[in-house]
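Reader: I have a structure to get through before class. Can we go over it together?
Author: Go ahead and put it up.

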Amino acid sequence: MKYFLAIIGGGPAGYTAAEKASKAGKEVVLFEQNAVGGTCLNVGCIPTKSLLYGAKQYYNATHAQKYGVTAEHVAFDFAAMQKRKTIVVRKLVAGIKQRLNNGHSTLVSGFAKIVSRTDETVTIQCGEQTYEAENLLICTGSTNFVPPIPGIQNNPAVWDSTDALAATELPQSIIIVGGGVIGMEFATLYHELGVPVTVIEAMPTILPNLDQEVVQVLLDKYRKAGINILTSTKVEAINGGQVTANGTVYEAERILVSVGRRANLQGLEALNDLELNRGAIIVDEFMKTNLPNVYAAGDVTGKVMLAHVAARQAEVMVGRLLKQIPLQRIAYNAIPSVVYTNPEIATVGLTEQQVRDFYTEMEGEAGLAKAGGVETFYEVRKLPMTFSGRFMAENEGETGLCKMIIDAKKQTILGVHCIGNPCSEFIAAASFAVRNGYTLAELQQVVFPHPTVSEILHEMI
């Protein structure tokens, strides 16, 4: 049997593409060597958020006095949290398998590798079997990057994020190398469960890709709460549970290394003419590679390593493959991103620094001087989240921040950046505004329900 589409990798990109193509009546074969759902569902987003929610419940119970509630003898059971996490993951994996059970999808468990490719046929081997397909979608995802730090290899004290999620007991203390999204979410988890945490970040700030005014709110709170956050600090060596950074030795029971991920290209060696950029597969706006019948989506493209981006890339790719009109494209400028710290950070669109860099490059020093400075090209509006009545009611002692970046001439919304619970639940509204080029006047016509924290977007106008 020759399939219409072969997909290697059953993460958000892979299972989304399989479901969409098979629902259109196309025969699809999906290869996954581990569990369907990929990194996000099995050893990433979902298990992390399950544990974080348990930690938040404990944290809220031990800080309930400010709401007039007294709770005595509050305790947590980390093993029970882990058990619940596993149940949540299993249910979601089963749900994905059920969605693919539509008569046109074949799920094959095992490591798949490309045997050969022509413009008409891609041949794939998995175990002892070979499979042929007209088209190939590569969704092989990414793996944890292991930096070349002396002492990091074969060190039982060193964890990656997968190790941390599998642990049945909390460490007595932990050093987290890397202050990005993964590092700061784990810092939140361990801190709220009472584990002493040190974060070491080589960059001048944690979460360097986010708007730094928003990040500063989190940084100030976490340092005040007792998390030891070291920035502009480079790890030089690791020896057992000791980390040497900027000449100083720090020690903990465990060291969690979370300094990024790299595209996984295993099994693709036969595609020796596949074009790459810095170890990731180059694709066009429809996820097409330089090979006529080969596509790629998700982390392996190196674009934006987020599950919802992978799923959207898969939708666009299948729409192109099926020649669906109108052909859809991805608005990368309107991809929402969330950091599940406490408080949450949610962001979409351009940061203030990105806007400044853009106009500086476009106008040059002479142009900026003539215009009266880079600030004349954009406008910033800021409000504490306490302008929302519901935020005040539910976030005692918190201030938060909502920041909006606006094109000064067109009055269109370029970016929205928030810190405060639960901003993750309304950042999609800001994504609509950025995606569709809403002006302030157009956003003003949108009615937000009262009382909700989302009203802060309306208050900004």
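Reader: Is Cys45 buried or exposed, or partly exposed?
Author: This is a predicted model. In it, Cys45 has 29% relative accessibility, so Cys45 counts as partly exposed. Buried would need a value under 20%.

Reader: ok, and what does Cys45 form with Cys40?
Author: A disulfide, with the two sulfur atoms 2.3 Å apart. In general, a disulfide is a covalent bond between the sulfur atoms of two cysteines.

Reader: So is Cys40 buried or exposed?
Author: Cys40 has 18% relative accessibility, so Cys40 counts as buried. Its partner Cys45, at 29%, is partly exposed.

Reader: What's the handedness of that disulfide, left or right?
Author: The torsion about the S-S bond of Cys40 and Cys45 is about -130°, so the disulfide is left-handed.

Reader: How many disulfides does the structure hold?
Author: One.

Reader: Then why is there no bond between Cys402 and Cys418?
Author: The closest cysteine sulfur to that of Cys402 is in Cys418, and the distance is 3.2 Å, so it is too far for a bond. The cut-off for a disulfide is within 2.5 Å. Cys402 is buried, because its relative accessible area is 0%.

Reader: What about Cys139, buried or exposed?
Author: Buried, because its relative accessible area is 8%. Cys139 is in no disulfide, and the nearest cysteine sulfur, that of Cys40, is 14 Å away.

Reader: Enough cysteines. How many helices and strands does the chain have?
Author: There are 13 helices and 24 strands.

Reader: And why does the radius of gyration agree with a compact globule?
Author: For 461 residues, a compact globule would have a radius near 23 Å, and the chain has 24 Å, so the two agree. Along its principal axes, the C-alpha trace spans about 65 × 55 × 45 Å.

Reader: What share of the residues count as buried?
Author: 49% of the 461 residues. The chain exposes about 21800 Å², and carbon and sulfur atoms supply 51% of that area.

Reader: Which contacts join residues at least 24 apart, and what's their share?
Author: Take the contacts between residues at least 6 apart in sequence: 64% of them join residues at least 24 apart.

Reader: Last one. How many positive and negative side chains are there?
Author: The chain has 39 positive and 45 negative side chains. The centres of the two sets lie 4 Å apart.

Technical notes
Residues are numbered from 1 along each chain as its sequence is written. This is a predicted model: local features need pLDDT of at least 70, side-chain atom pairs count only at pLDDT 80 or more; totals for chains, interfaces and linings use all residues. Side-chain values use heavy atoms; hydrogens and water are left out. Helices (H or I, at least four residues) and strands (E, at least two) are DSSP runs, numbered from the N terminus. The radius of gyration is taken over C-alpha atoms; the globule rule is 2.2 Å times the number of residues to the power 0.38. Buried means under 20% relative accessible area, exposed over 50%, partly exposed in between (1.4 Å probe, protein chains only). Contact means heavy atoms within 4.5 Å. Accessible areas come from the Shrake-Rupley method with a 1.4 Å probe; for residues, only the protein chains shown count as cover. Lys and Arg count as positive and Asp and Glu as negative; His and the chain ends are not counted. The place of a charge is taken as NZ of Lys, CZ of Arg, CG of Asp or CD of Glu.
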